[in-house]
Amino acid sequence: MAFKNHYKTLGIPPGASLDTIKKEFRKLALQYHPDVNAGNEFAALQFREIQEAYEILSHPLKRAKYHSEWKLRFTGTDNHMNWSQTPVAILNDCIKLNKQIALMDMFRMNKEVIYHRIKDIVSESNMNVLLHHRDEAVNQKLVLQLISASSELPYKYAGTIAGRLKILAGDNEATQKNIRDFIQASKNRNYWEKYYPLLVLLITLIICWLMYRLTQ
């Protein structure tokens with residue numbers, strides 16, 4: 001099993017105080033609590049991750065043991081614990097997100113939560129890591145994973161996500177085409193969702209008019 005970064009789960013630095021840990025836990029617990037996310041498998045998974053992180057980091061002995069295990073697994077880590085990101089770790093975060101999305105009911109999924117998870121994956125700090133390492137193979141895979149994760153999001157989110165994807169794609173024309181196709185598909189879906197009610201109304205009016213004419 002992969003070693004979990006509980007500090008990252010709660011969005012806090014390794015040196016965070018107990019008060020900070022409690023504050024961030026309460027905020028995230030309210031956001032992902034099952035009572036306000038009924039039937040949302042993604043939120044349920046996030047809530048369990050948050051609970052696990054809080055249980056360990058809020059308990060002095062468990063937290064100390066966690067730090068010791070970190071140092072054993074990652075030699076050369078200083079006392080402040082260097083939680084540096086890597087391109088592969090960022091890619092794995094996105095793969096994990098796609099697996100979670102695959103478990104969701106697409107009609108009940110919280111798309112805003114998914115969008116914010118994607119924003120975290122393509123955050124400024126992560127983009128700097130990806131562009132610094134210039135691992136083209138990882139970047140192309142990440143773009144495809146992000147397109148997959150974003151496929152059901154509203155069009156209003158597509159522009160922000162696509163901007164980051166284009167930077168990662170670089171000069172790879174095949175990947176750039178995938179991004180253009182993603183934007184176009186999102187735009188088409190937006191048009192359909194926007195005008196579908198009007199189309200239904202128009203068809204209903206035509207049917208009513210025809211029925212009226214036939215009865216005359």
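In the predicted model, helix α7 spans residues 124-133, and its buried positions include Asn-126, Met-127, Val-129 and Leu-130. These four residues lie on the same side of α7, because they cover an arc of only 160° around the axis. An α-helix has 3.6 residues a turn, so residues three or four places apart point the same way. On the other side of α7, Glu-124 and His-132 are exposed. The buried residues of α7 pack against four helices: α5 (87-102), α6 (111-121), α8 (136-150) and α9 (155-169).

Helix α7 is followed by Arg-134, a residue of the loop between α7 and α8. The phi of Arg-134 is positive, about 50°, although the residue is not a glycine. Most residues other than glycine have a negative phi. Arg-134 has a relative accessibility of 69% and therefore counts as exposed, the cut-off for this class being over 50%.

Two of the helices that receive the buried residues of α7, namely α6 and α9, also pack against each other, at an angle of about 10° and with their axes 11 Å apart. This angle makes α6 roughly parallel to α9. On the α6 side the contact is formed by Glu-112, Tyr-115 and Ile-118, which meet Tyr-157, Thr-160 and Ile-161 of α9. Sorted by class, the residues of this contact are four nonpolar, one polar and one charged.

A second helix pair consists of α3 and α5, which pack at an angle of about 130° with their axes 8 Å apart. Helices α3 and α5 are therefore oblique to each other, since an angle of about 130° falls outside the ranges for roughly parallel (under 35 degrees), roughly perpendicular (65 to 115) and roughly antiparallel (over 145). From α3, the residues Phe-42, Leu-45, Gln-46 and Glu-49 meet Lys-96, Leu-97 and Gln-100 from α5. By class, the contact of α3 with α5 comprises three nonpolar, two polar and two charged residues.

Among the α3 residues in this contact is Glu-49. With a relative accessible area of 17%, Glu-49 is buried, as the class requires a value under 20%. When residues up to four places away in sequence are not counted, Glu-49 touches Lys-4, Thr-9 and Lys-96. Of these, Lys-96 belongs to α5.

A search of the whole structure returned three aromatic pairs. In one of them, the ring centres of Tyr-7 and Tyr-66 are 6.3 Å apart and the planes stand at 45°, so the pair is tilted. Tyr-7 belongs to helix α1 (residues 6-10) and Tyr-66 to helix α4 (residues 60-73), so this pair ties together parts that are 59 residues apart in sequence. Tyr-7 counts as buried at 1% relative accessibility, and Tyr-66 likewise counts as buried at 5%.

Phe-25 and Tyr-54 form another aromatic pair, with 4.1 Å from centre to centre and 15° between the planes; this pair is stacked. Phe-25 is located in helix α2 (residues 18-32) and Tyr-54 in helix α3 (residues 41-57), so the pair ties together parts that are 29 residues apart in sequence. Phe-25, with a relative accessible area of 16%, is buried. Tyr-54 is partly exposed, at a relative accessible area of 21%.

The loop between α2 and α3 contains Ala-38, which is exposed with a relative accessible area of 53%. Ala-38 and Met-109 are 71 residues apart along the chain, and their C-alpha atoms are separated by 9.8 Å. Another pair of positions is formed by Ser-68 and Met-106, which are 38 residues apart along the chain and have their C-alpha atoms separated by 41 Å. Ser-68 is part of helix α4 and, at 41% relative accessibility, counts as partly exposed.

Technical notes
Residues are numbered from 1 along each chain as its sequence is written. This is a predicted model: local features need pLDDT of at least 70, side-chain atom pairs count only at pLDDT 80 or more; totals for chains, interfaces and linings use all residues. Side-chain values use heavy atoms; hydrogens and water are left out. Buried means under 20% relative accessible area, exposed over 50%, partly exposed in between (1.4 Å probe, protein chains only). The arc is that of the directions from the helix axis to the C-beta atoms. Contact means heavy atoms within 4.5 Å. Rings of Phe, Tyr and Trp (its six-membered ring) pair if their centres lie within 6.5 Å; planes under 30 degrees apart count as stacked, over 60 as edge-to-face and the rest as tilted. Axes are lines fitted to C-alpha atoms, for helices over the stretch in contact, and angles run from 0 to 180 degrees between N-to-C directions. Ala, Val, Leu, Ile, Met, Phe, Trp, Tyr, Cys and Pro count as nonpolar, Asp, Glu, Lys and Arg as charged, and the others, Gly among them, as polar.
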